[in-house]
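Trainee: Please take one part of this model and go through it closely. I would like the helix packing, with the cut-offs spelled out.

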Amino acid sequence: MKLDLKMCDELLGTTRSVRKRLDLTRKVPRSVVEECLELAVQAPTGSNSQSWRWIVVEDPKIRNELANMYKQHAYPYLHGAVDRAEEGQTKRVFESAIYLMEHLQEVPIHVIPCIKGVVPKGAIGAGLFASIYPAVWNFQLALRARGLGSCLTTLHLGSSEKAARMLNIPEDVTQVALVPVAWTIGTHFKRAARPPIDSVTSWNRYDG
């Protein structure tokens with residue numbers, strides 16, 4: 001089967017971190033999340049370990065608790081960052097992050113991707129993360145293809161032990177993110193402004 005290259009490029013080029021355009025009023029069916037997770041776990045894993053684990057939170061009380069943990073760590077970081085940011089794209093990004101912080105509890109689905117194992121230092125630690133983040137990205141792409149948005153966040157991990165107790169996560173399983181999931185308000189997204197590839201790419205040796 002020949003892939004539709006134009007459609008693939010559109011999906012890869014326009015899957016944004018969605019914050020202000022998350023629809024906070026529309027329920028996300030479990031079946032849609034499960035479809036996207038079926039595609040998520042097709043991602044490669046180190047040594048074919050298949051050690052990802054997913055916690056899908058729809059309970060409003062648990063979402064509220066997770067949002068409170070997120071705010072505890074996000075508030076000082078984000079407000080300081082937006083005050084220092086100059087006008088332009090970076091400032092808008094921090095302002096949208098503040099919006100998400102203020103409304104995270106209203107997002108209908110929180111997904112906590114986890115990986116079996118405790119993260120050590122060095123190459124093994126890198127390999128552990130490399131076995132979960134491709135799956136998270138697959139999940140986000142699958143959501144985008146179905147008209148949903150998401151955003152990879154990590155600030156709740158400042159309270160990871162508290163979150164683990166609340167979610168019954170065993171000690172040998174590591175949380176790596178919190179992904180808010182909702183339908184998007186509108187489905188048209190543009191490519192982001194990025195530096196030219198030749199300014200960030202070196203061949204054979206790093207040249208700065």
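Mentor: What follows covers the helix packing, then a few single residues.

The model is predicted, so local features need pLDDT of at least 70 and side-chain atom pairs count only at pLDDT 80 or more, while totals for chains, interfaces and linings use all residues. Residues are numbered from 1 along each chain as its sequence is written, and side-chain values use heavy atoms, with hydrogens and water left out.

Start with the description itself. Two packed helices are described by the angle between their axes and the distance between the axes. Helices here are DSSP runs (H or I, at least four residues), as are strands (E, at least two), numbered from the N terminus. Axes are lines fitted to C-alpha atoms, for helices over the stretch in contact. Angles run from 0 to 180 degrees between N-to-C directions.

Take helix 2 (residues 30-40) against helix 6 (residues 133-145). Their axes come within 8 Å and cross at roughly 135 degrees. The pair is therefore oblique. The scale is this: under 35 degrees is roughly parallel, over 145 roughly antiparallel, 65 to 115 roughly perpendicular, and the rest oblique. The crossing of helix 2 and helix 6 is right-handed (the near helix is turned clockwise from the far one by less than a right angle; anticlockwise would be left-handed).

Now the residues. From helix 2 come Val 33, Cys 36, Leu 37, Leu 39 and Ala 40. They meet Ala 135, Asn 138, Phe 139, Ala 142 and Leu 143 of helix 6. Contact means heavy atoms within 4.5 Å. By class, this contact has nine nonpolar residues, one polar and no charged. Nonpolar covers Ala, Val, Leu, Ile, Met, Phe, Trp, Tyr, Cys and Pro; charged covers Asp, Glu, Lys and Arg; the others, Gly among them, are polar.

Helix 1 (residues 5-14) also packs on helix 6, with axes that come within 10 Å and cross at roughly 110 degrees. Helix 1 and helix 6 are therefore roughly perpendicular. This crossing is right-handed. Helix 1 supplies Glu 10, Leu 11, Leu 12 and Thr 14 to the contact. Helix 6 supplies Trp 137, Leu 141, Arg 144 and Ala 145. The class count for this contact is five nonpolar, one polar and two charged residues.

Next, a residue in a strand. Gln 175 is found in strand 4 (residues 173-175). Its relative accessible area is 8%, so Gln 175 is buried (under 20%; exposed is over 50%, partly exposed in between, with a 1.4 Å probe and protein chains only). The side chain of Gln 175 makes a polar contact of 2.9 Å with the side chain of His 156. A polar contact is a pair of N or O atoms within 3.5 Å; within protein, one must be able to donate a hydrogen and the other to accept it, and residues adjacent in sequence count only if both atoms are side-chain atoms. A polar atom of the Gln 175 side chain also lies 2.9 Å from the backbone oxygen of Ser 160. Setting aside neighbours within four places in sequence, Gln 175 touches residues including Ile 112, Pro 113, Cys 114 and Ile 169.

Cys 114 turns up again beside Ser 51. With neighbours within four places in sequence left aside, Ser 51 is in contact with Cys 114, Ile 115 and Lys 116. Ser 51 sits in the loop between helix 2 and strand 1 (52-57). At a relative accessible area of 11%, Ser 51 is buried. Asn 48 lies in that loop, between helix 2 and strand 1. Asn 48 is exposed, at 54%. Its phi is positive, about 55 degrees, although Asn 48 is not a glycine.
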